[in-house]
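This report describes how parts of one protein model are arranged and which residues meet where they touch. Please keep the sequence and the structure in view while reading.

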Amino acid sequence: MAPHVALVSFTGFRIREEEMLELGMTLPGLRGRAEAIGRLPSLGLLTLAGMTPPAWTCSYHEQGVEADSLLERVLAEKPTLVAISALTASINDAYLFCGRIKQAGVFVVLGGLHATTRPQEASRHCDAVVIGEGEPVWHQLLADARSGELKQSYRARLAFDLANAPIPRFDLLGSERRSRLTLQTQRGCPLACEFCGASRLLGPFREKPVAGIERELSEVARLSGRHIVELADDNTFAGNRDLDSFFETLAASGIRYFTEVDWRVGVRPEVVERLAGSGCVQVLVGVESLAHSYRGMGAKRAEPSVIMDALSAIQQTGVAVNGCFVVGSDGETRKSIEELGRFILESDLADVQLTLQTPFPGTALYHRLDASGRLLPDRDWSYYTLFDVTYRPQAMCPDELQRAFVALVRRVFDEEASQRRSSIRRAVWRRHPRLGSCESELCFDS
Ligand code: SF4
């Protein structure tokens, strides 16, 4: 029998705070976004599947189903190895699952951002931990699992060259409909915002060569037929790649894409003037905090008015902007949160994302708050959802910050405000050179 690896993703969206959960289910602007994010597959695991040797068989599963049934499905495949990727908020569930896989006598390996920053903790629950990127160690890990000699941990000696990135195995998603598939054009970010775990933990900033992007685009188009792609980038356009070939490749593929950029795109004519023509329909941009400038922001640090002017320039081209705000940084008060609400409601942003500042392990923010004894001891990893307070704020008490955040979410995502943003979004997309009657399928709140 061929050896088999079952890939299991514990990387979905999670909400713990009850009132937030209720808001997430009742406010249309929030519900649509949560569903859109929750439907994105784990690109990391599908990429590992893409580089699995042909002698192996592969399957892909997601945490979304009840734990017993997930376990039953995975074990029914009689895997040689179960490989799990998990985010911090879901790590406790992943640990429980690992324990049950081990009990069944099957090797289990754990990777992802959390395991990378907490390898010793993770190794108490699984047979092996992948520290950092999975691609460079994947073949060795599979060979060791097959020979029954897994090592306790695997860590790449060199950063993975994205020129060698395989085509992710989207076919493993089966016939289940996904509104968007994902594609990575770069990894990491040259900046290092204090709260950001994505920018450095998996190695230095790198860009994927255009030839690889082109290959993946064809596969995505072949499989999805809908040509809607979420670029799984941390900060597209932050590097020095040749923009001509990049934009030409995206435009020629016929896709419409969503991505993450920083606000400086709005003041770079060589980018902003070609975004919409390349198929970009929405960019997610961190405005971050009005109360505080984070360390490590580098050239991204600017006055809010400068940032908002740049975002308006992007929207003028037909590309909608989803402005992201982080609440609870040092200096935040009830008053500053109220002012943030007013600022957002008066802005012309086509979409908004609000999260509570969260000190994910491995980030500079985590180290600073930990060193000053400000992490709340009664908040385990399951609180690291982006919607729960996990540390003592500087100028408020934790409950006060939580209540102010929930009130802000209610205000920013109420019916009237959400409808206003929908109208702004429609007006922006009417200016888009490549959108027409298909506009409605891009809306989150439909
Ligand atoms: S610009 Fe964005 S991706 Fe880059 S470090 Fe800051 S938060 Fe992270």
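In this predicted model, helix α13 (residues 334–346) and helix α15 (residues 398–412) have axes that come within 10 Å and cross at roughly 15°. Angles under 35 degrees count as roughly parallel, and α13 and α15 are therefore roughly parallel to each other. Their crossing is right-handed. On the α13 side, the contact is formed by Arg334, Ile337, Leu340, Gly341, Ile344 and Leu345. On the α15 side, Glu400, Ala404, Leu408, Arg411 and Val412 take part. Sorted by class, the contact of α13 with α15 comprises 7 nonpolar, 1 polar and 3 charged residues.

The next topic is the arrangement of domains. The protein chain is divided into domain 1, which covers 4–20 + 41–155, and domain 2, which covers 180–442. The centres of domain 1 and domain 2, taken over C-alpha atoms, are separated by 28 Å. To the contact, domain 1 contributes 19 residues and domain 2 contributes 21 residues. Which elements give two or more residues to the side of domain 1 that touches domain 2? They are α1 (18–26), α5 (91–103) and α6 (113–117). Of these, α6 gives the most, with 4 residues.

A ligand is also part of the model. The residues surrounding the ligand include the cysteines Cys189, Cys193 and Cys196. Leu191, Ala192, Ala198, Ser199 and Gly286 also belong to these surroundings, as do Asp234, Asn235, Asp262 and Lys300.

The table sets out the classes of residue at the three sites described above.

| Site | Nonpolar | Polar | Charged |
|---|---|---|---|
| Contact of α13 with α15 | 7 residues | 1 residue | 3 residues |
| Shell around the ligand | 6 residues | 3 residues | 3 residues |
| Side of domain 1 that touches domain 2 | 7 residues | 6 residues | 6 residues |

Terms used:
Residues numbered from 1 in each chain as written. Predicted model: local features only at pLDDT ≥ 70, side-chain atom pairs only at ≥ 80, totals over all residues. Axes fitted to C-alpha atoms, helices over the stretch in contact; angles between N-to-C directions. Parallel < 35°, antiparallel > 145°, perpendicular 65-115°, else oblique. Left-handed = near helix turned anticlockwise from the far one by under 90°. Contact = placed C-beta atoms within 7 Å. Nonpolar A, V, L, I, M, F, W, Y, C, P; charged D, E, K, R; others polar. Near = placed C-beta within 6 Å. Domains from an automatic or database assignment.
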